[in-house]
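These are my notes on the model, set out as numbered points. They cover the sheets, the helix packing and a few backbone details.

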Amino acid sequence: MDAPSVDGCPDVYLVDNELFGTPQMLATYLLDAAEPAILDAGTVTGAERILDAMDAVGIDPAAVETILVSHVHLDHAAGTARLLEACENATAVVHERGLPYLTDAERLDRLVESVEAAIGMEAPYGDPELVPADRCRSVAGGEVLDLGDRQLEIYDAPGHAPHHYVALEPDSGTLFGADAVGAFDPRSDTVAPTTPPPSFDLEANLDTVDRLLDLEPSRTLYSHFGPGVPGEATAELHAYADVLPAFVETVKRVRAETDDDLDAMVEELRPEWQSPTLRRDVVGVCRYLDEQ
């Protein structure tokens, strides 16, 4: 399958995981460093697309040292066990708050159940297998991953989820932002909110964006979907700092106007806030508002 290189990001390749069979909804990145890395494990079926892409660009699975799992939402983490099976020398790097949900059978079952309830379908991201704890590295932020000819700096990035981290390649200024910095629309070069239940936190997410601005990244790699505009990473972060509270305030207003009717809320928010995950994101904001 095709895995195009990312312009301006040396040795970085984009894998389109075709979430729910739809192109340009979920991205994984391959970093062909001296010790190659996979930036997010994707879904169960996405893992197979990642392995096919590795073959296409000439990355030997046995050479892969690191599989970054930005957070344990299953569109990003369900393929972890399959990739570890194929990449025999790799370690999965998982946030300490999320690691038990991949390595403990009872917690993984609860995670799957919550995802099915939120999405409204059975096994939306495939049936994830338990991840071997001895193949994982727990991180909390502040760690540096050595990939031989380059490094990745890990930063705690809660808000979208409490178990989220991002990674920065300091030499190039490339930020692997996953979902902490919103969703990117490559057709309009704009960012959109991503506020899923059960743990979206507006204040934490805005604080994360502020701290990432201090890093002055040059390019952001988004999970939904694709690389941002070269040289515009800080502008995109500023835009997200404006978009996120605006969305929360709009949901709050519409919720009051519709007497908390979810279907009516979603309809009222279209087309301005239309996205493939709008219904889920509204639920996430409502849960956040209920906890304030």
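1. The model is predicted, not experimental. One of its sheets is open and has 6 strands, in the order E1-E2-E3-E4-E5-E6, with mixed pairing. Strand E1 (12-16) and strand E6 (136-139) are at the edges; each has a single partner strand, so one side of each is left without a neighbour in the sheet. From one strand to the next, the twist averages 20°.

2. At the E1 edge, the pairing can be followed residue by residue. E1 and strand E2 (residues 27-31) are antiparallel and share 5 bridges. One register point to check on screen is Val15, whose bridge partner in E2 is Thr28. As background, strands of a sheet pair through backbone hydrogen bonds, in either the parallel or the antiparallel sense.

3. Another open sheet, also of 6 strands, runs in the order E7-E8-E9-E10-E13-E14, and its pairing is mixed. Strand E7 (144-146) and strand E14 (226-227) are the edge strands, each pairing on one side only. Within this sheet, strand E8 (residues 151-156) runs antiparallel to strand E9 (residues 165-169), and 4 bridges join them. Ile154 is a useful marker here, since its opposite number in E9 is Ala167.

4. On the annotation: UniProt lists residues 24-224 as "domain: Metallo-beta-lactamase", in an unreviewed entry. In the model, the end C-alpha atoms of residues 24-224 are 7 Å apart. Helix makes up 28% of the span and strand 25%.

5. The remaining packing points concern helix H7 (residues 233-257) and its contacts with H6, H8 and H9. In general, two packed helices are described by the angle between their axes and the distance between the axes. H6 and H7 pack at about 170°, with the axes 10 Å apart. That makes H6 roughly antiparallel to H7, as the angle is over 145 degrees. On the H6 side the contact uses Leu202, Asn205, Leu206, Val209, Leu212 and Leu213. On the H7 side it uses Thr234, Leu237, His238, Tyr240, Ala241, Leu244, Pro245 and Val248. By class, there are 11 nonpolar and 3 polar residues in this contact, and no charged ones.

6. How are H7 and helix H8 (residues 262-269) placed relative to each other? Their axes are 9 Å apart and make an angle of about 130°. H7 is therefore oblique to H8. The crossing of H7 past H8 is right-handed. Thr250, Val251, Val254 and Arg255 of H7 meet Met265, Glu268 and Leu269 of H8. These residues divide into 4 nonpolar, 1 polar and 2 charged.

7. H7 also packs on helix H9 (residues 278-290), at an angle of about 85° and with the axes 10 Å apart. The two helices are therefore roughly perpendicular. From H7, the contact takes in Phe247, Val248, Val251, Lys252 and Arg255. From H9, the residues are Leu278, Asp281, Val282, Val285, Cys286, Tyr288, Leu289 and Asp290. The contact of H7 with H9 counts 9 nonpolar and 4 charged residues, with no polar ones.

8. Some H7 residues recur in these lists. Val251 and Arg255 meet H8 and also meet H9. Val248 takes part in the contact with H6 and in the contact with H9.

9. Which backbone details deserve a look? Most residues other than glycine have a negative phi, and most peptide bonds are trans. The bond joining Pro197 and Pro198 is cis, with omega about 5°. Pro198 belongs to the loop between strand E12 (190-192) and helix H6 (202-213). The peptide bond from Arg270 to Pro271 is cis as well, with omega near 0°. Pro271 is in the loop between H8 and H9.

10. Ala123 is a further residue to inspect. Although Ala123 is not a glycine, its phi is positive, at about 45°. Ala123 is located in the loop between helix H5 (105-119) and E6, and E6 is the edge strand named in point 1.

Note on methods:
Residues numbered from 1 in each chain as written. Predicted model: local features only at pLDDT ≥ 70, side-chain atom pairs only at ≥ 80, totals over all residues. Heavy atoms only, no water. Axes fitted to C-alpha atoms, helices over the stretch in contact; angles between N-to-C directions. Parallel < 35°, antiparallel > 145°, perpendicular 65-115°, else oblique. Left-handed = near helix turned anticlockwise from the far one by under 90°. Contact = heavy atoms within 4.5 Å. Nonpolar A, V, L, I, M, F, W, Y, C, P; charged D, E, K, R; others polar. Pairing = 2+ DSSP bridges. UniProt positions renumbered as here; feature names shortened; annotations may be inferred.
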